[in-house]
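Let's go through this model together and ask, label by label, what justifies each one. Have a look at the structure first.

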Amino acid sequence: QVQLVASGGGPVQAGGSLRLSCAASGLTFSTYDMGWFRRAPGKEREFVAAISRTTLARFYADSVKGRFTISRSVAENTVYLQMNSLKPEDTAVYSCAAGLDILPTPEIIGAPVSYRYWGQGTQVTVSS
């Protein structure tokens with residue numbers, strides 16, 4: 001049974017930082033491409049960041065470039081999202097996702113349909 005358990009969310013003031021973690025189990029982590037998505041109240045789910053399993057190339061939404069960093073640890077079966085310079089508009093539920101053989105292009109790796117497994121999400125609330 002595949003599980004993706006996200007943690008690290010919480011309340012933070014604008015300009016602050018948080019580090020999200022997503023621990024994976026029940027799959028061979030090194031063979032999966034990993035992504036972070038978020039959903040704000042009343043809005044559609046949107047792509048945040050992804051990291052390719054093959055090239056370790058990283059992809060980011062324009063709204064988070066230069067502020068967020070995605071990384072992965074095969075030894076820990078975990079993908080991370082370091083979020084700096086947080087803004088109120090970053091408030092959302094952040095979920096991690098895992099997919100196999102995702103073409104490492106922004107359009108494909110940034111599409112939710114490319115991912116097979118999803119975690120439950122962790123709430124991030126940024127106050128001004």
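Q: What makes C22 and C96 a disulfide?
A: Do keep in mind that this is a predicted model. A disulfide calls for two cysteine sulfur atoms within 2.5 Å. The sulfurs of C22 and C96 are 1.9 Å apart, so the pair qualifies. The structure holds 1 disulfide.

Q: Which parts of the chain does the disulfide of C22 and C96 tie together?
A: C22 belongs to strand 3 (residues 18–25) and C96 to strand 9 (residues 92–100), so the bond ties together parts that are 74 residues apart in sequence. Both C22 and C96 are buried.

Q: Why is the disulfide of C22 and C96 given its handedness?
A: The torsion about the S-S bond is about 55°, so this disulfide is called right-handed.

Q: How do you know which strands pair with strand 11, and in which direction do they run?
A: Pairing requires at least two bridges between the strands. Strand 2 (residues 10–13) is joined to strand 11 by 4 bridges, so the two pair, and they run parallel. Strand 9 is joined to strand 11 by 3 bridges, so these pair too, but they run antiparallel. For a look at individual partners, V12 stands opposite V126 of strand 11, while A92 has V124 of strand 11 as its bridge partner.

Q: What makes up the covered and uncovered faces of strand 11?
A: In a regular strand, side chains alternate between the two faces of the sheet. In strand 11 (residues 122–127), T122, V124 and V126 make up the covered face, and Q123, T125 and S127 the uncovered one.

Q: Why is T122 called buried or exposed, and what does this residue touch?
A: The relative accessibility of T122 is 11%, and buried means under 20%, so T122 counts as buried. Leaving out residues up to four places away in sequence, T122 touches A6, S7, G8, G9, L20, A92, V93 and Y94. A polar atom of the T122 side chain also lies 3.2 Å from the backbone nitrogen of G9.

Q: What makes F37 and Y115 an aromatic pair, and of which kind?
A: The count of aromatic pairs comes to 5. For F37 and Y115, the ring centres are 5.3 Å apart, which is within 6.5 Å, so the rings pair. Their planes meet at 80°, which is over 60, so the pair is edge-to-face. This pair links distant parts of the chain, with F37 in strand 4 (residues 32–39) and Y115 in the loop between helix 1 (106–109) and strand 10 (117–118), 78 residues apart.

Q: Why is the pair of Y115 and W118 given its label?
A: The centres of these rings are 6.1 Å apart and the planes stand at 65°, so Y115 and W118 form an edge-to-face pair. F37, F47, Y115 and W118 form one aromatic cluster.

Q: How do you know whether F37, Y115 and W118 are buried or partly exposed?
A: F37 has a relative accessibility of 1%, under the 20% limit, so F37 is buried. Y115, with a relative accessible area of 6%, is buried as well. W118 has 28%, which lies between 20% and 50%, so W118 is partly exposed.

Q: What makes R45 a charge over the ring of W118?
A: R45 lies over the face of W118, at 4.1 Å from the ring centre; the distance limit is 6 Å. R19 lies over the face of Y80, at 3.9 Å from the ring centre.

Q: Why is R67 called buried or exposed, and which polar partners does its side chain have?
A: R67 is found in the loop between strand 6 (58–60) and strand 7 (68–73). Its relative accessible area is 10%, under 20%, so R67 is buried. The side chain of R67 reaches the backbone oxygen of S85 at 2.9 Å, and a polar contact of 2.7 Å joins the side chains of R67 and D90.

Q: Why does A14 count as partly exposed?
A: A14 sits in the loop between strand 2 and strand 3. At 41% relative accessibility, A14 falls between 20% and 50%, so it counts as partly exposed. Apart from neighbours within four places in sequence, A14 is in contact with L86, P88, V126, S127 and S128.

How values were computed
Residues numbered from 1 in each chain as written. Predicted model: local features only at pLDDT ≥ 70, side-chain atom pairs only at ≥ 80, totals over all residues. Heavy atoms only, no water. Buried < 20%, exposed > 50% of the residue type's maximum accessible area, 1.4 Å probe, protein only. Phe/Tyr/Trp six-rings, centres within 6.5 Å; stacked < 30°, edge-to-face > 60°. Lys NZ or Arg CZ within 6 Å of the ring centre and 35° of its normal. Contact = heavy atoms within 4.5 Å. Polar contact = N/O pair within 3.5 Å; in protein donor to acceptor, adjacent residues only side chain to side chain.
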